[in-house]
Amino acid sequence: MLRTLHNYECLRRVTTLIPGINCQNPVLGNLDIITCGINKDAGVDAYQAFFQALCGLCKIFEKQRIFRFWMAFEPIVVFYKPETVETILSSNTVLTKARQYDLLSPWLGYGLLTSGGNKWRLRRKLLTPSFHFRILEDFLPIMSEHLIVFVDLMRKQTLVNNGIVDDITPYITRCALDIICETAMGIKMDSQIHLDSPYVKAIHQTGELFLLRMLRPWLWNDFIYRQTPNGKKFFNNMDILHGFTDNVIKERKRELLDEINRNDKCFITNNETNSDHRRRQAFLDSLLSEHFRNPEFTEEDIREEVDTFMFEGHDTTSMAISWTLHLIGRDQSVQDKCHQELDTIFDGTDGDRRPLTMNDLREMKYLEACIKEALRLFPSVPFIGRQLNEDININGHSVPKGVTCLLFLYQLHRDPECFPQPEVYRPDRFLDRENMTRHPFAYVPFSAGPRNCIGQKFALLEEKALLATILRNFRIRSLDTRDVIKVAPEMVIRPKTPIRMEFVSRKL
Ligand code: HEM
């Protein structure tokens with residue numbers, strides 16, 4: 001106890017030297033000021049206030065280029081300038097996730113996103129081949145099947161509702177969920193057809209509850225949290241989420257065992273051909289084959305990875321696609337350029353008939369710039385948190401071991417030094433000379449360095465395939481201006497208000 005107090009006092013003294021706001025409240029730290037009275041139950045708005053306050057503080061501490069605040073007993077240092085973000089992300093030693101990620105452990109356990117040390121290294125090595133270029137190429141026909149269903153649903157809207165879609169995000173989310181389930185897990189879910197997925201609802205609610213809990217230090221203890229109404233809701237959602245992923249694993253395990261018995265061949269032997277095959281297995285098959293081979297790799301180990309990839313693999317991409325559609329639908333000159341590019345690639349004549357190829361996707365340079373620019377304004381993951389295991393020096397400030405580093409990507413991507421007129425949606429930023437000369441850490445929607453996003457290529461492939469398919473078939477229009485759509489910066493950055501769109505079939 002004395003040692004803890006002594007460590008805390010040392011940490012407090014050193015971090016006080018970093019620019020920041022004074023701490024009046026020894027229990028809440030600065031949370032009471034920056035969430036405008038967190039004690040009043042402000043619901044999710046407490047988190048909105050927190051987000052707005054952080055944006056404001058980045059402006060106040062613009063010259064200092066970092067600042068510090070206290071979240072209860074924890075000193076947090078915020079990074080929102082390219083050179084400071086580079087120090088953290090390019091380090092081979094600052095790899096431990098922030099303690100706040102522990103609040104996700106009842107859901108994601110300690111899978112690839114949340115684990116550290118040797119466990120993370122071994123898992124990363126095991127799972128990296130599952131996102132190899134060759135595997136992604138095999139995913140394209142599966143994605144295309146789900147895109148056909150999506151286009152049919154939109155066509156129905158043009159017949160029954162004059163092409164008006166009251167909120168595009170749930171449609172995109174269900175399509176992305178079907179894609180991740182069938183590509184990575186090998187399971188058909190068909191949530192685009194069977195609407196109302198309890199799994200999707202539970203994910204949204206869990207994200208909101210996680211953030212509310214993070215801002216209330218007295219609820220960090222699991223036992224106390226379980227006694228509260230929100231805690232009960234949270235753990236109820238855990239049952240739904242785990243029940244769903246348990247079924248996915250069981251079903252694929254049964255299919256694989258049947259396949260092994262039928263073919264009378266061993267899926268898990270170590271001869272040359274099979275080890276080659278194993279190196280390139282899709283995600284869940286690769287986890288299952290590790291489980292068959294190594295009894296220490298349990299079903300629990302599989303589940304924490306399946307939970308992680310099911311969540312990361314659809315929620316991030318569906319938000320990114322929804323925002324991109326909204327932004328393209330607001331700017332008809334940007335949309336014209338996308339149509340021109342697609343008409344050139346597909347000869348302007350074949351509508352949605354010719355299936356997409358990897359070569360087609362590679363040629364979509366302008367569409368790629370549209371996606372990148374949307375991810376600049378609305379990075380699906382707005383924050384990255386790391387724990388310092390050693391002292392570091394940033395811009396002449398000593399940041400001590402034990403501090404939590406919060407990389408604020410939303411604000412980093414709005415730095416006017418790197419992105420003039422930062423609020424303007426201008427895809428050309430990613431095509432002209434400006435793109436070549438920009439600081440390499442000014443734009444990192446997929447993070448960077450050893451703990452970057454393992455699903456980055458998958459995400460870009462899915463985004464391009466879905467957006468290209470929509471734009472080959474429709475002219476779109478966003479029915480609301482940008483200021484009407486409120487941002488909910490939860491674990492992923494969601495539109496808080498519905499994204500209303502109009503879809504008009506293109507005649508080719
Ligand atoms: C637009 C889509 C996506 C964006 C913007 C995105 C962004 C990110 C970011 C910023 C991180 C670092 C998070 C942190 O350090 O806290 C990350 C990590 C991760 N992402 Fe993504 N992601 C996307 C899609 C995906 C997809 C499709 C998958 C899986 C198929 C995925 C799986 C992961 C995993 C497992 C990690 C943890 C990697 C590690 O620590 O080794 N992500 N992602």
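**Exercise 1. Locate L431 and describe its surroundings.**

Step 1: L431 sits in the loop that runs between α18 (409-412) and α19 (433-437). Helices here are DSSP runs of H or I with at least four residues, strands are runs of E with at least two, and both are numbered from the N terminus. The model is predicted, so to speak of local features a pLDDT of at least 70 is needed, side-chain atom pairs count only at pLDDT 80 or more, and totals for chains, interfaces and linings use all residues. Residues are numbered from 1 along each chain as its sequence is written, and side-chain values use heavy atoms, with hydrogens and water left out.

Step 2: Is L431 buried, partly exposed or exposed? L431 is partly exposed, because its relative accessible area is 43%. Buried means under 20%, exposed means over 50%, and partly exposed is in between (1.4 Å probe, protein chains only).

Step 3: Setting aside neighbours within four places in sequence, L431 is in contact with K365, Y366 and A369. Contact means heavy atoms within 4.5 Å.

Step 4: Now compare sequence and space. L431 and S380 are 51 residues apart in sequence, and their C-alpha atoms are 22 Å apart.

**Exercise 2. Place R376 and find its partners.**

Step 1: R376 belongs to helix α17, residues 365-377.

Step 2: R376 counts as buried because its relative accessible area is 0%.

Step 3: Which side chain is joined to that of R376 by a polar contact of 2.8 Å? The partner is E373. A polar contact is a pair of N or O atoms within 3.5 Å; within protein, one atom must be able to donate a hydrogen and the other to accept it, and residues adjacent in sequence count only if both atoms are side-chain atoms.

Step 4: Beyond four places in sequence, R376 has contacts with H413, R414, F419, P422, V424, R429, F430 and Y443.

**Exercise 3. Build a picture of the ligand site.**

Step 1: The ligand takes up the space of the largest cavity. On a 1 Å grid over the protein atoms alone, a cavity is a set of points where a 1.4 Å probe fits but cannot get out.

Step 2: Which residues come nearest to the ligand? Of the 28 residues around the ligand, these are Y101, W120, R124, E312 and C453. A residue is near if one of its heavy atoms lies within 4 Å.

Step 3: Go through the polar atoms. The side chain of W120 has an N or O atom 2.7 Å from a ligand oxygen, and the side chain of R124 likewise has an N or O atom 2.7 Å from an oxygen atom of the ligand. For E312, a polar side-chain atom lies 3.2 Å from a nitrogen atom of the ligand.

Step 4: Assign the shell to helices. α6 (117-127), α14 (299-330) and α20 (456-473) each supply at least two residues, and α14 gives the most, with 6.

**Exercise 4. Trace L113, which touches E312 and Y101.**

Step 1: L113 lies in the loop between α5 (105-108) and α6.

Step 2: Not counting residues up to four places away in sequence, L113 touches K97, Y101, L108, T308, E312 and R451.

Step 3: L113 and K97 are 16 residues apart along the chain, with their C-alpha atoms separated by 8.4 Å.

Key:
On a 1 Å grid over the protein atoms alone, a cavity is a set of points where a 1.4 Å probe fits but cannot get out, and a pocket is an open set with protein on both sides within 12 Å along at least five of seven lines; lining residues have an atom within 4 Å of a point. A molecule sits in a cavity or pocket if more than half of its atoms lie within 2 Å of its grid points.
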